[in-house]
Amino acid sequence: GARHMQNCNKKKLLIVTNHSYMLYRFRKELIQRLMEDYEVVISTPFVGHEEDLRNLGVRCIETDVERRSVNPFTDLKLFHTYKTILKKALELNKTSHSYLFWGTEGIGKKLIAKEVAKRILCLEKNMQDCKCKSCIEFDSDNNPDFQLIEATDGKIKIDQIREMQRKIAEKPIISSQKVYLIDDADTMTVEAQNCLLKTLEEPPEYITIILILCYKPKTMLILI
């Protein structure tokens with residue numbers, strides 16, 4: 001119906017997390033805000049509140065893993081499930097212009113994010129152990145189409161985001177795409193978040209931005 005047509009006109013945003021209960025408890029308002037601009041898909045183990053998430057209007061994909069400890073990275077099934085979901089999107093060439101990964105430290109968010117970035121930039125799509133120029137440069141941390149933004153003195157500051165935006169305006173050099181990975185995005189200052197807002201809302205077609213957010217209930221991104 002009308003709701004389906006409305007969703008079709010929205011960009012998709014995939015949220016990968018490790019706990020549906022905590023996601024709903026501490027990120028409900030954030031999800032509702034995201035849904036104003038995106039069709040939201042959530043990949044998570046179902047451990048509570050999944051029906052509440054669906055009632056918000058999001059699509060939930062169950063990642064069936066055993067949570068034997070507070071650090072689910074010990075269960076490689078979770079890691080491979082996340083990789084499978086993202087790999088499928090890459091194979092179908094249906095990647096989003098932005099991704100948001102959040103969860104406790106140590107579950108492999110950054111590792112998966114860098115793998116996604118590498119695959120997006122790859123010149124020989126769907127190849128394993130690729131040796132194309134983009135992948136070789138990526139593995140040696142020299143790919144000019146990829147940038148990792150990290151906190152300095154515990155904060156990601158507005159000058160770092162401005163420099164990123166300056167680079168975003170430049171066309172890709174090796175690949176047809178460019179990827180920017182913001183690690184610990186919850187450490188961005190308010191000024192940095194506001195500066196990034198316009199780029200997230202209207203990114204160039206060749207840009208993918210990946211945000212990594214640790215599970216910190218008192219810290220929430222204002223910009224999204």
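**Reading a predicted fold: a dialogue**

Q: What is the relative accessible area of E170, and how is such a value read?

A: E170 has a relative accessible area of 36% and is therefore partly exposed. Buried means under 20%, exposed over 50%, and partly exposed in between, with a 1.4 Å probe and protein chains only. The model is predicted, so local features need pLDDT of at least 70 and side-chain atom pairs pLDDT 80 or more, whereas totals for chains, interfaces and linings use all residues. Residues are numbered from 1 along each chain as its sequence is written, and side-chain values use heavy atoms, without hydrogens or water.

Q: With which residue does E170 form a salt bridge?

A: A salt bridge places a side-chain nitrogen of Lys or Arg within 4 Å of a carboxyl oxygen of Asp or Glu. The partner of E170 is R166, with 3.5 Å between the closest N and O atoms. R166 is partly exposed as well, at 45% relative accessibility. The salt bridges come to 10 by this rule.

Q: Where do the salt-bridged residues E51 and R54 lie?

A: Helices (H or I, at least four residues) and strands (E, at least two) are DSSP runs numbered from the N terminus. Both residues belong to helix α3 (residues 50-55), three residues apart, about one turn of the helix. An α-helix has 3.6 residues a turn, so residues three or four places apart point the same way. The side chains of E51 and R54 meet at 2.6 Å, N to O. E51 is partly exposed at 47%, as is R54 at 32%.

Q: How many residues separate D183 from K110?

A: Their side chains form a salt bridge at 3.6 Å, N to O. This pair links distant parts of the chain, 73 residues apart, with D183 in the loop between β6 and α8 and K110 in helix α5. D183 is buried, with a relative accessible area of 11%, while K110 is partly exposed at 30%. A network of salt bridges links K110, E150 and D183.

Q: What surrounds D145, a buried residue with no salt bridge?

A: Lys and Arg count as positive and Asp and Glu as negative; His and the chain ends are not counted. For D145, the nearest side chain of opposite charge is that of K178, 5.4 Å away. The D145 side chain does reach the backbone nitrogen of I173, at 2.7 Å. Contact means heavy atoms within 4.5 Å; beyond four places in sequence, the contacts of D145 include L121, P172, I174 and V179. D145 itself is in the loop between α6 (133-139) and β5 (146-149).

Q: Which residues touch the most other members of the largest nonpolar core?

A: Such a core is a set of buried Ala, Val, Leu, Ile, Met, Phe, Trp, Tyr and Cys residues joined through side-chain atoms within 4.5 Å. Among its 35 residues, L53, I182, L196 and I209 touch the most other members. Elements giving two or more residues to this core include β1 (11-16), β4 (98-103) and α8 (190-201). The greatest contribution, five residues, is from α2. Leaving out residues up to four places away in sequence, L53 touches S20, L23, Y24, I31, I42, V58 and C60. Apart from this core lies another, of 17 residues, A117, L121, V179 and L181 among them.

Q: Where does C60 lie?

A: C60 is part of strand β3 (residues 59-62). It is buried, at 13% relative accessibility. Beyond four places in sequence, C60 touches I42, F46, E50, L53 and R54.

Q: How far does helix α5 reach from its first C-alpha to its last?

A: The expected span is 1.5 Å times one less than the number of residues. Helix α5 (residues 109-121) has 13 residues and reaches 18 Å, close to the 18 Å expected. Its buried residues include I112, V116, A117 and L121.

Q: Which sign does phi take at H49?

A: Phi of H49 is positive, near 70 degrees, in a residue other than glycine. H49 is in the loop between β2 and α3. D184 also has a positive phi, about 50 degrees, and is not a glycine; its place is in the loop between β6 and α8.

Q: How many helices and strands does the protein chain have?

A: The chain has eight helices and seven strands. Of its 224 residues, 47% are buried. Among contacts with a separation of 6 or more, 73% join residues 24 or more positions apart.

Definitions and conventions
A polar contact is a pair of N or O atoms within 3.5 Å; within protein, one must be able to donate a hydrogen and the other to accept it, and residues adjacent in sequence count only if both atoms are side-chain atoms.
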